[in-house]
Amino acid sequence: MKHKYIFLIMSTLMIFTLLLGACTTTTGEVVESEEGEGSVEEVEAPAEEESGTAGEPVTITFWHAYNADVEAKSLEETLIPAFEDENPNIEVQSVLVPYDQFRRKLLIALSGGTAPDLARVDILWVPELADQGALANMDELWSDFDQFLPGPLSTNLYNGSHYGLPLDTNTRVLIYNVDMFEDAGIAEPPATMDDLLLACEKIKKLDEETYCFADGGTYAWAVNPWIWSFGGSVTDADITTTDGYYNSPETVAAYQFLKDAVDNGYLHPGILGGGVDAWGGFGQDQIAMILEGPWFPAMFEGQFPEKEYGMALLPAGEGGSVSVVGGEDIVLFQQSQNKDAAVKFLEFLLSEDVQLQLATTGQMPVLKSVIESDFVKEHDFFGIFLEQLETAKARTPHPNWSRIEEIMTNTGTAILNGTVGVQEGLDEAVQLMDPLLPLDILE
(Lines give C-alpha, C1' and ligand atoms only; values in the text may rest on other atoms or scores of the structure.)
Protein backbone atom coordinates (compact mmCIF):
# COMPACT_ATOMS: atom_id res chain seq x y z
CA MET A 1 0.00 0.00 0.00
CA LYS A 2 1.04 3.54 -0.59
CA HIS A 3 1.53 5.72 2.46
CA LYS A 4 1.01 9.45 2.24
CA TYR A 5 2.41 11.89 4.69
CA ILE A 6 -0.37 13.85 6.41
CA PHE A 7 1.32 15.71 9.25
CA LEU A 8 0.98 19.19 7.71
CA ILE A 9 -2.71 18.73 6.94
CA MET A 10 -3.56 17.87 10.55
CA SER A 11 -1.26 20.41 12.15
CA THR A 12 -3.37 23.39 11.08
CA LEU A 13 -6.45 21.97 12.82
CA MET A 14 -4.53 21.18 16.00
CA ILE A 15 -2.95 24.63 16.12
CA PHE A 16 -6.38 26.32 16.28
CA THR A 17 -7.38 23.97 19.08
CA LEU A 18 -4.32 24.70 21.20
CA LEU A 19 -3.64 28.35 20.50
CA LEU A 20 -5.27 29.97 23.50
CA GLY A 21 -3.68 33.36 23.27
CA ALA A 22 -0.91 35.38 21.76
CA CYS A 23 2.14 35.78 23.97
CA THR A 24 5.72 36.52 23.08
CA THR A 25 8.15 33.59 23.37
CA THR A 26 11.69 34.30 24.43
CA THR A 27 14.15 32.15 22.53
CA GLY A 28 17.61 31.59 23.92
CA GLU A 29 20.70 30.20 22.28
CA VAL A 30 23.74 28.30 23.40
CA VAL A 31 26.95 30.25 22.86
CA GLU A 32 30.63 29.39 23.00
CA SER A 33 32.87 30.85 25.68
CA GLU A 34 36.31 32.26 24.94
CA GLU A 35 37.77 28.83 25.60
CA GLY A 36 35.36 27.26 23.08
CA GLU A 37 33.22 25.65 25.79
CA GLY A 38 29.43 25.77 25.63
CA SER A 39 27.50 27.85 28.12
CA VAL A 40 24.11 29.46 28.38
CA GLU A 41 23.68 33.18 28.01
CA GLU A 42 22.45 34.80 31.21
CA VAL A 43 18.73 35.44 31.16
CA GLU A 44 17.62 38.39 33.27
CA ALA A 45 14.85 37.31 35.62
CA PRO A 46 12.95 38.93 38.43
CA ALA A 47 14.77 38.98 41.75
CA GLU A 48 12.36 36.65 43.57
CA GLU A 49 12.30 33.62 41.23
CA GLU A 50 11.06 30.60 43.09
CA SER A 51 8.00 28.76 41.83
CA GLY A 52 5.68 30.98 39.85
CA THR A 53 2.78 29.45 41.75
CA ALA A 54 2.25 32.25 44.28
CA GLY A 55 2.24 35.18 41.89
CA GLU A 56 5.99 35.69 41.51
CA PRO A 57 7.02 35.89 37.83
CA VAL A 58 9.72 33.37 36.90
CA THR A 59 11.62 32.23 33.82
CA ILE A 60 12.30 28.57 33.12
CA THR A 61 14.74 27.38 30.48
CA PHE A 62 14.03 24.42 28.19
CA TRP A 63 16.84 22.95 26.07
CA HIS A 64 15.96 20.76 23.09
CA ALA A 65 17.13 19.66 19.66
CA TYR A 66 13.81 19.85 17.83
CA ASN A 67 13.89 20.24 14.06
CA ALA A 68 13.93 24.00 13.49
CA ASP A 69 11.59 24.11 10.49
CA VAL A 70 8.64 22.18 11.92
CA GLU A 71 9.06 20.91 15.48
CA ALA A 72 10.75 23.93 17.07
CA LYS A 73 8.49 26.29 15.14
CA SER A 74 5.42 24.58 16.57
CA LEU A 75 6.92 24.67 20.07
CA GLU A 76 7.88 28.35 19.98
CA GLU A 77 5.03 29.82 17.94
CA THR A 78 2.13 27.75 19.26
CA LEU A 79 2.77 25.64 22.34
CA ILE A 80 4.84 27.95 24.53
CA PRO A 81 2.55 30.97 23.89
CA ALA A 82 -0.45 28.79 24.83
CA PHE A 83 1.27 27.71 28.05
CA GLU A 84 2.29 31.26 28.94
CA ASP A 85 -1.27 32.43 28.34
CA GLU A 86 -2.49 29.83 30.85
CA ASN A 87 0.37 30.63 33.24
CA PRO A 88 1.07 34.39 32.95
CA ASN A 89 3.66 34.31 35.75
CA ILE A 90 5.84 31.75 33.97
CA GLU A 91 7.99 32.60 30.96
CA VAL A 92 9.57 29.73 29.01
CA GLN A 93 12.91 30.32 27.33
CA SER A 94 13.29 27.86 24.44
CA VAL A 95 16.93 26.98 23.66
CA LEU A 96 17.56 25.06 20.43
CA VAL A 97 20.83 23.12 20.65
CA PRO A 98 22.20 21.13 17.67
CA TYR A 99 22.03 17.43 18.54
CA ASP A 100 25.70 16.75 17.76
CA GLN A 101 26.70 19.41 20.32
CA PHE A 102 23.96 18.79 22.86
CA ARG A 103 25.53 16.28 25.24
CA ARG A 104 28.86 18.14 25.47
CA LYS A 105 27.22 21.50 26.08
CA LEU A 106 24.89 20.02 28.66
CA LEU A 107 27.74 18.45 30.62
CA ILE A 108 29.64 21.76 30.52
CA ALA A 109 26.60 23.66 31.78
CA LEU A 110 26.11 21.16 34.59
CA SER A 111 29.73 21.45 35.70
CA GLY A 112 29.45 25.24 35.66
CA GLY A 113 26.20 25.40 37.59
CA THR A 114 24.28 26.83 34.62
CA ALA A 115 22.12 23.85 33.72
CA PRO A 116 18.68 24.52 32.23
CA ASP A 117 15.55 23.79 34.24
CA LEU A 118 14.38 21.20 31.72
CA ALA A 119 15.82 19.41 28.70
CA ARG A 120 14.59 17.01 26.06
CA VAL A 121 17.37 14.42 25.94
CA ASP A 122 18.20 11.18 24.19
CA ILE A 123 16.79 8.25 26.18
CA LEU A 124 20.28 6.77 26.55
CA TRP A 125 21.54 9.85 28.43
CA VAL A 126 19.14 9.52 31.36
CA PRO A 127 21.03 6.83 33.33
CA GLU A 128 24.34 8.68 32.89
CA LEU A 129 22.87 11.99 34.08
CA ALA A 130 21.01 10.31 36.94
CA ASP A 131 24.20 8.57 38.08
CA GLN A 132 25.90 11.97 38.25
CA GLY A 133 23.15 13.22 40.57
CA ALA A 134 22.14 15.82 37.99
CA LEU A 135 18.46 14.90 37.70
CA ALA A 136 15.48 15.36 39.98
CA ASN A 137 13.80 12.13 41.09
CA MET A 138 10.40 12.22 39.39
CA ASP A 139 8.97 9.67 41.82
CA GLU A 140 8.88 12.56 44.29
CA LEU A 141 7.21 14.99 41.85
CA TRP A 142 4.92 12.91 39.63
CA SER A 143 2.11 10.54 40.58
CA ASP A 144 0.55 8.97 37.48
CA PHE A 145 3.18 6.86 35.73
CA ASP A 146 0.53 4.45 34.45
CA GLN A 147 -0.58 7.00 31.84
CA PHE A 148 2.55 6.28 29.77
CA LEU A 149 3.33 3.46 27.37
CA PRO A 150 5.53 1.05 29.36
CA GLY A 151 8.39 0.89 26.85
CA PRO A 152 9.08 4.64 26.70
CA LEU A 153 8.54 4.97 30.46
CA SER A 154 11.14 2.29 31.18
CA THR A 155 13.87 4.41 29.58
CA ASN A 156 13.68 6.74 32.59
CA LEU A 157 14.33 4.08 35.22
CA TYR A 158 17.62 4.15 37.06
CA ASN A 159 18.40 2.34 40.29
CA GLY A 160 14.70 1.76 40.94
CA SER A 161 13.45 5.32 40.39
CA HIS A 162 12.29 7.47 37.49
CA TYR A 163 14.64 10.34 36.67
CA GLY A 164 12.70 11.66 33.71
CA LEU A 165 9.46 11.21 31.78
CA PRO A 166 8.92 10.05 28.19
CA LEU A 167 8.17 12.91 25.79
CA ASP A 168 8.14 11.28 22.37
CA THR A 169 8.90 7.80 21.17
CA ASN A 170 9.55 5.60 18.17
CA THR A 171 10.37 2.04 17.30
CA ARG A 172 11.26 -0.04 14.26
CA VAL A 173 8.85 -2.12 12.21
CA LEU A 174 9.26 -4.33 9.16
CA ILE A 175 9.14 -2.41 5.87
CA TYR A 176 8.67 -4.66 2.86
CA ASN A 177 9.05 -4.11 -0.88
CA VAL A 178 5.64 -4.79 -2.48
CA ASP A 179 7.01 -5.36 -6.00
CA MET A 180 9.66 -7.84 -4.85
CA PHE A 181 7.09 -9.71 -2.76
CA GLU A 182 4.76 -9.97 -5.75
CA ASP A 183 7.58 -11.14 -8.05
CA ALA A 184 8.61 -13.79 -5.51
CA GLY A 185 5.05 -14.98 -4.97
CA ILE A 186 4.90 -13.87 -1.34
CA ALA A 187 1.31 -13.03 -0.45
CA GLU A 188 1.76 -11.66 3.08
CA PRO A 189 4.58 -10.16 5.14
CA PRO A 190 6.24 -12.80 7.36
CA ALA A 191 4.56 -13.14 10.75
CA THR A 192 7.12 -15.52 12.28
CA MET A 193 10.83 -16.22 11.96
CA ASP A 194 9.98 -19.41 10.06
CA ASP A 195 7.90 -17.34 7.65
CA LEU A 196 10.84 -14.98 7.25
CA LEU A 197 13.16 -17.82 6.26
CA LEU A 198 10.65 -19.08 3.68
CA ALA A 199 10.33 -15.57 2.27
CA CYS A 200 14.12 -15.23 2.10
CA GLU A 201 14.39 -18.45 0.10
CA LYS A 202 11.92 -17.09 -2.45
CA ILE A 203 13.53 -13.65 -2.59
CA LYS A 204 16.96 -15.16 -3.24
CA LYS A 205 15.62 -17.05 -6.24
CA LEU A 206 14.73 -13.77 -7.95
CA ASP A 207 18.38 -12.88 -8.51
CA GLU A 208 21.67 -13.83 -6.89
CA GLU A 209 22.35 -10.13 -6.28
CA THR A 210 19.13 -9.53 -4.34
CA TYR A 211 18.96 -9.67 -0.56
CA CYS A 212 16.11 -10.59 1.73
CA PHE A 213 16.87 -7.89 4.30
CA ALA A 214 19.51 -5.40 5.38
CA ASP A 215 20.63 -3.44 8.41
CA GLY A 216 23.36 -0.96 9.22
CA GLY A 217 25.53 -2.77 11.76
CA THR A 218 25.78 -4.99 14.82
CA TYR A 219 25.11 -2.31 17.43
CA ALA A 220 22.23 -2.78 19.88
CA TRP A 221 19.68 -0.73 17.90
CA ALA A 222 20.08 -3.27 15.09
CA VAL A 223 20.53 -6.61 16.89
CA ASN A 224 18.50 -6.26 20.08
CA PRO A 225 15.15 -6.81 18.31
CA TRP A 226 16.45 -10.16 17.09
CA ILE A 227 17.83 -11.09 20.52
CA TRP A 228 14.56 -10.25 22.28
CA SER A 229 12.33 -11.83 19.65
CA PHE A 230 14.26 -15.08 19.98
CA GLY A 231 13.67 -14.93 23.73
CA GLY A 232 17.14 -13.75 24.73
CA SER A 233 18.36 -10.67 26.58
CA VAL A 234 21.50 -8.70 27.35
CA THR A 235 21.26 -8.69 31.16
CA ASP A 236 19.02 -9.90 33.95
CA ALA A 237 16.07 -7.71 34.97
CA ASP A 238 18.06 -6.02 37.74
CA ILE A 239 21.03 -5.32 35.42
CA THR A 240 23.48 -7.14 37.70
CA THR A 241 24.88 -9.69 35.25
CA THR A 242 25.05 -10.65 31.58
CA ASP A 243 26.15 -14.23 32.34
CA GLY A 244 23.35 -16.63 31.52
CA TYR A 245 21.56 -13.94 29.51
CA TYR A 246 23.75 -12.51 26.78
CA ASN A 247 25.29 -15.96 26.32
CA SER A 248 22.03 -17.90 26.85
CA PRO A 249 20.74 -20.48 24.34
CA GLU A 250 18.11 -17.96 23.20
CA THR A 251 20.64 -15.21 22.48
CA VAL A 252 22.90 -17.76 20.79
CA ALA A 253 19.95 -18.72 18.56
CA ALA A 254 19.43 -15.07 17.55
CA TYR A 255 23.06 -14.56 16.53
CA GLN A 256 23.12 -17.94 14.79
CA PHE A 257 20.05 -16.88 12.80
CA LEU A 258 21.83 -13.72 11.66
CA LYS A 259 25.06 -15.63 10.94
CA ASP A 260 23.19 -18.15 8.78
CA ALA A 261 21.41 -15.31 7.00
CA VAL A 262 24.78 -13.75 6.07
CA ASP A 263 26.20 -17.10 4.95
CA ASN A 264 23.14 -17.88 2.82
CA GLY A 265 23.16 -14.48 1.14
CA TYR A 266 19.87 -13.46 2.74
CA LEU A 267 21.28 -10.67 4.92
CA HIS A 268 23.17 -7.91 3.12
CA PRO A 269 26.89 -8.05 4.09
CA GLY A 270 26.83 -4.31 4.82
CA ILE A 271 25.84 -5.27 8.36
CA LEU A 272 29.49 -6.23 8.89
CA GLY A 273 30.57 -2.62 8.69
CA GLY A 274 31.15 -2.11 4.97
CA GLY A 275 28.20 0.23 4.78
CA VAL A 276 24.96 -0.27 2.91
CA ASP A 277 22.56 2.13 1.24
CA ALA A 278 19.58 0.14 2.49
CA TRP A 279 17.01 2.68 1.32
CA GLY A 280 18.60 2.88 -2.11
CA GLY A 281 18.73 -0.89 -2.43
CA PHE A 282 15.14 -1.14 -1.23
CA GLY A 283 13.95 1.49 -3.70
CA GLN A 284 15.79 -0.20 -6.58
CA ASP A 285 14.45 -3.71 -5.85
CA GLN A 286 17.72 -5.08 -4.52
CA ILE A 287 16.62 -5.42 -0.87
CA ALA A 288 13.20 -6.82 0.05
CA MET A 289 12.92 -5.89 3.74
CA ILE A 290 14.35 -3.43 6.25
CA LEU A 291 13.51 -2.36 9.80
CA GLU A 292 12.75 1.35 10.06
CA GLY A 293 11.02 3.98 12.17
CA PRO A 294 8.21 6.52 11.64
CA TRP A 295 10.60 8.92 9.91
CA PHE A 296 10.75 6.53 6.94
CA PRO A 297 7.57 7.43 4.96
CA ALA A 298 8.20 11.12 4.37
CA MET A 299 11.95 10.77 3.79
CA PHE A 300 11.75 7.67 1.56
CA GLU A 301 8.88 9.00 -0.53
CA GLY A 302 10.96 12.09 -1.20
CA GLN A 303 13.58 9.85 -2.84
CA PHE A 304 11.31 7.22 -4.41
CA PRO A 305 7.86 8.79 -4.79
CA GLU A 306 6.46 5.98 -6.94
CA LYS A 307 7.80 3.05 -4.92
CA GLU A 308 5.21 0.94 -3.13
CA TYR A 309 5.95 -0.55 0.27
CA GLY A 310 4.12 -2.09 3.18
CA MET A 311 4.58 -2.13 6.94
CA ALA A 312 4.22 -5.02 9.38
CA LEU A 313 5.27 -6.09 12.86
CA LEU A 314 8.69 -7.62 13.33
CA PRO A 315 8.43 -11.40 12.71
CA ALA A 316 7.85 -13.23 15.99
CA GLY A 317 10.22 -15.79 17.47
CA GLU A 318 10.10 -17.70 20.76
CA GLY A 319 10.08 -14.37 22.61
CA GLY A 320 7.35 -12.82 20.48
CA SER A 321 7.58 -9.79 18.20
CA VAL A 322 9.84 -7.43 20.14
CA SER A 323 11.37 -4.31 18.65
CA VAL A 324 13.50 -1.56 20.21
CA VAL A 325 12.30 1.64 21.85
CA GLY A 326 13.75 4.93 20.65
CA GLY A 327 12.81 8.55 21.28
CA GLU A 328 13.49 11.33 23.75
CA ASP A 329 12.77 11.90 27.44
CA ILE A 330 12.26 15.16 29.29
CA VAL A 331 14.28 15.65 32.47
CA LEU A 332 14.25 18.16 35.32
CA PHE A 333 17.64 19.19 36.67
CA GLN A 334 18.50 19.38 40.35
CA GLN A 335 20.11 22.77 39.74
CA SER A 336 16.71 24.23 38.81
CA GLN A 337 15.56 26.94 41.21
CA ASN A 338 12.05 26.83 39.70
CA LYS A 339 10.99 23.22 40.02
CA ASP A 340 7.30 23.97 40.63
CA ALA A 341 7.07 26.08 37.46
CA ALA A 342 9.07 23.49 35.52
CA VAL A 343 6.69 20.72 36.60
CA LYS A 344 3.78 22.84 35.36
CA PHE A 345 5.43 23.01 31.92
CA LEU A 346 6.04 19.25 32.09
CA GLU A 347 2.35 18.69 32.77
CA PHE A 348 1.50 20.90 29.81
CA LEU A 349 3.83 19.09 27.37
CA LEU A 350 2.47 15.73 28.52
CA SER A 351 -1.19 16.69 28.23
CA GLU A 352 -3.30 14.93 25.61
CA ASP A 353 -3.81 18.06 23.51
CA VAL A 354 -0.11 18.87 23.31
CA GLN A 355 0.86 15.27 22.64
CA LEU A 356 -1.53 15.35 19.68
CA GLN A 357 -0.06 18.64 18.48
CA LEU A 358 3.45 17.20 18.66
CA ALA A 359 2.19 14.18 16.74
CA THR A 360 1.31 16.43 13.80
CA THR A 361 5.02 17.29 13.55
CA GLY A 362 6.05 13.62 13.48
CA GLN A 363 6.60 13.07 17.21
CA MET A 364 4.93 9.82 18.24
CA PRO A 365 2.89 10.22 21.45
CA VAL A 366 3.74 8.44 24.71
CA LEU A 367 0.32 8.54 26.43
CA LYS A 368 -1.88 5.45 26.39
CA SER A 369 -4.98 7.60 26.03
CA VAL A 370 -3.73 9.26 22.84
CA ILE A 371 -3.55 5.88 21.15
CA GLU A 372 -7.36 5.84 21.28
CA SER A 373 -7.70 9.26 19.64
CA ASP A 374 -9.26 9.62 16.20
CA PHE A 375 -6.07 11.26 14.94
CA VAL A 376 -3.97 8.20 15.75
CA LYS A 377 -6.63 5.69 14.70
CA GLU A 378 -7.03 7.39 11.33
CA HIS A 379 -3.34 8.11 10.82
CA ASP A 380 -1.76 6.60 7.75
CA PHE A 381 0.92 4.62 9.59
CA PHE A 382 1.10 5.49 13.33
CA GLY A 383 -1.05 2.47 14.14
CA ILE A 384 1.53 -0.17 13.23
CA PHE A 385 4.27 1.61 15.18
CA LEU A 386 2.10 1.99 18.28
CA GLU A 387 1.13 -1.67 18.07
CA GLN A 388 4.81 -2.60 17.89
CA LEU A 389 5.54 -0.33 20.86
CA GLU A 390 3.20 -2.41 23.02
CA THR A 391 5.91 -5.09 23.18
CA ALA A 392 9.03 -3.04 22.37
CA LYS A 393 11.85 -2.83 24.90
CA ALA A 394 14.42 -0.20 25.74
CA ARG A 395 18.16 -0.78 25.54
CA THR A 396 19.83 -1.41 28.89
CA PRO A 397 19.46 1.73 31.06
CA HIS A 398 22.92 1.86 32.60
CA PRO A 399 25.55 4.61 32.94
CA ASN A 400 28.12 2.33 31.28
CA TRP A 401 25.83 1.50 28.39
CA SER A 402 28.09 3.03 25.72
CA ARG A 403 30.95 0.72 26.74
CA ILE A 404 28.63 -2.29 26.92
CA GLU A 405 27.26 -1.56 23.47
CA GLU A 406 30.78 -1.26 22.05
CA ILE A 407 31.49 -4.80 23.25
CA MET A 408 28.22 -5.99 21.70
CA THR A 409 29.06 -4.33 18.38
CA ASN A 410 32.53 -5.86 18.21
CA THR A 411 31.24 -9.27 19.26
CA GLY A 412 28.45 -9.25 16.69
CA THR A 413 30.82 -8.31 13.89
CA ALA A 414 33.27 -11.06 14.87
CA ILE A 415 30.48 -13.64 14.96
CA LEU A 416 28.94 -12.68 11.63
CA ASN A 417 32.23 -12.58 9.75
CA GLY A 418 33.22 -15.96 11.20
CA THR A 419 36.18 -14.81 13.30
CA VAL A 420 34.69 -16.48 16.37
CA GLY A 421 31.95 -19.01 17.02
CA VAL A 422 28.63 -17.80 18.35
CA GLN A 423 28.79 -19.36 21.81
CA GLU A 424 32.48 -18.62 22.21
CA GLY A 425 32.05 -15.00 21.18
CA LEU A 426 29.16 -14.39 23.55
CA ASP A 427 30.96 -16.11 26.44
CA GLU A 428 33.97 -13.85 25.89
CA ALA A 429 31.73 -10.78 25.71
CA VAL A 430 30.15 -11.67 29.06
CA GLN A 431 33.57 -11.65 30.70
CA LEU A 432 34.12 -8.11 29.43
CA MET A 433 30.62 -6.78 30.16
CA ASP A 434 29.95 -8.06 33.68
CA PRO A 435 32.71 -5.96 35.33
CA LEU A 436 31.01 -2.83 33.91
CA LEU A 437 27.67 -3.41 35.66
CA PRO A 438 28.27 -2.76 39.41
CA LEU A 439 27.27 0.82 40.09
CA ASP A 440 29.94 1.30 42.78
CA ILE A 441 32.65 1.25 40.11
CA LEU A 442 31.24 4.54 38.84
CA GLU A 443 31.61 6.42 42.10
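**A four-stranded sheet and a helix pair**

Reader: In which order do the strands of the open sheet come, and how are they paired?
Author: The open sheet has four strands in the order β11-β12-β10-β13, with mixed pairing; strands are DSSP runs of E with at least two residues, helices are runs of H or I with at least four, and both are numbered from the N terminus. Two strands count as paired if DSSP finds at least two bridges between them. This is a predicted model, in which local features need pLDDT of at least 70, side-chain atom pairs count only at pLDDT 80 or more, and totals for chains, interfaces and linings use all residues. Residues are numbered from 1 along each chain as its sequence is written, and side-chain values use heavy atoms, without hydrogens or water.

Reader: Which strands stand at the edges?
Author: Those are β11 (211-214) and β13 (309-312), and because each has a single partner strand, one side of each is left without a neighbour in the sheet.

Reader: And how does β10 pair with β13?
Author: Strand β10, residues 173-177, pairs with β13 in the antiparallel sense over four bridges, and Tyr-176 stands opposite Gly-310 in β13.

Reader: Switching to helices, at what angle do α2 and α12 cross?
Author: The axes of α2 (residues 71-86) and α12 (residues 339-349) cross at roughly 120° and come within 11 Å, where axes are lines fitted to C-alpha atoms, for helices over the stretch in contact (heavy atoms within 4.5 Å), and angles run from 0 to 180 degrees between N-to-C directions.

Reader: Which residues of α2 and α12 meet?
Author: Among them are Leu-75, Leu-79 and Phe-83 in α2, and Phe-345 and Phe-348 in α12.
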